[in-house]
Amino acid sequence: MDFFDKMGEKLAAAGAEASKKAKDVSSIVVLKGKIHSEESKIETLYKSIGEKYFLAHQDYEGDVYADEIASILAAKAGIETLNEEIKEIEGK
């Protein structure tokens, strides 16, 4: 019986270890999800700051970001042109 007792103890220890590892993995997944959520918030805030800066400085030619601002304005004009083409195709 000593053999079976030792085998049972080893199986119980292995089960407990597997359970702990599963809980650890689950905790890590939850924490990584929270990290991703916080990183998404930061990304949204960066975008908001950038958009506010752009709107506040789009008319300043001497701005350090003048080239980027000009590119954004050109892209917006291009989008508007494409939207007009879509409206023509749709018959609106």
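The paragraphs below go through this predicted model from its overall dimensions down to single side-chain contacts.

The protein holds two helices and zero strands. Its radius of gyration is 29 Å, while the globule rule gives 12 Å for 92 residues; the value is well over the rule, so the protein is more spread out than a compact globule. Taken along the principal axes, the box filled by the C-alpha atoms is roughly 85 × 40 × 15 Å. Of the 92 residues, 3% count as buried. The exposed area is about 8200 Å², and carbon and sulfur atoms supply 62% of that area.

Helix 1 covers residues 2–57. Methionine 7 lies in this helix and, together with Phe3 and Leu11, makes a nonpolar surface patch of about 340 Å². Methionine 7 has a relative accessibility of 40%, so it counts as partly exposed; patch members need over 30%.

Further along helix 1 come the charged pairs. Side chains of opposite charge can pair when their charged atoms come close. With a cut-off of 4 Å between nitrogen and carboxyl oxygen, the count comes to two salt bridges. One of them joins lysine 20 to aspartate 24, with the closest N and O atoms 2.9 Å apart. Both residues lie in helix 1, and the spacing of four residues is about one turn of the helix. Lysine 20 has a relative accessible area of 45% and is therefore partly exposed. Aspartate 24, at 34%, also counts as partly exposed.

The other bridge is between the side chains of lysine 41 and glutamate 38, at 3.1 Å from N to O. These two residues are also in helix 1, here three residues apart, again about one turn. An α-helix has 3.6 residues a turn, so residues three or four places apart point the same way. Lysine 41 is partly exposed at 45% relative accessible area, and glutamate 38 is partly exposed at 42%.

Glutamate 39 is also placed in helix 1. Its relative accessibility is 47%, and because the partly exposed class runs from 20% to 50%, glutamate 39 counts as partly exposed.

The next contact involves the end of helix 1 and what follows. A search of the whole structure finds one aromatic pair. The ring centres of tyrosine 53 and tyrosine 65 are 5.7 Å apart and the ring planes stand at 90°, so the pair is edge-to-face. Tyrosine 53 belongs to helix 1, whereas tyrosine 65 sits in the loop between helix 1 and helix 2, so the pair ties together parts that are twelve residues apart in sequence. Tyrosine 53 is partly exposed, with a relative accessibility of 28%; tyrosine 65 is partly exposed as well, at 44%.

Helix 2 takes in residues 66–90. At 1.5 Å a residue, its 25 residues should span 36 Å, and the end C-alpha atoms are 36 Å apart, which agrees with that expectation. Just after helix 2, glycine 91 takes a positive phi of about 80°. Glycine 91 also gives a distance back to helix 1: glutamate 39 and glycine 91 are 52 residues apart in sequence, and their C-alpha atoms are 42 Å apart in space.

Note on methods. Residues are numbered from 1 along each chain as its sequence is written. This is a predicted model: local features need pLDDT of at least 70, side-chain atom pairs count only at pLDDT 80 or more; totals for chains, interfaces and linings use all residues. Side-chain values use heavy atoms; hydrogens and water are left out. Patches are made of residues with over 30% relative accessible area and no salt bridge: like charges are joined within 9 Å, nonpolar side chains (Val, Leu, Ile, Met, Phe, Trp, Tyr) within 5 Å. Accessible areas come from the Shrake-Rupley method with a 1.4 Å probe; for residues, only the protein chains shown count as cover. Buried means under 20% relative accessible area, exposed over 50%, partly exposed in between (1.4 Å probe, protein chains only). The expected span of a helix is 1.5 Å times one less than its number of residues. The radius of gyration is taken over C-alpha atoms; the globule rule is 2.2 Å times the number of residues to the power 0.38. Rings of Phe, Tyr and Trp (its six-membered ring) pair if their centres lie within 6.5 Å; planes under 30 degrees apart count as stacked, over 60 as edge-to-face and the rest as tilted.
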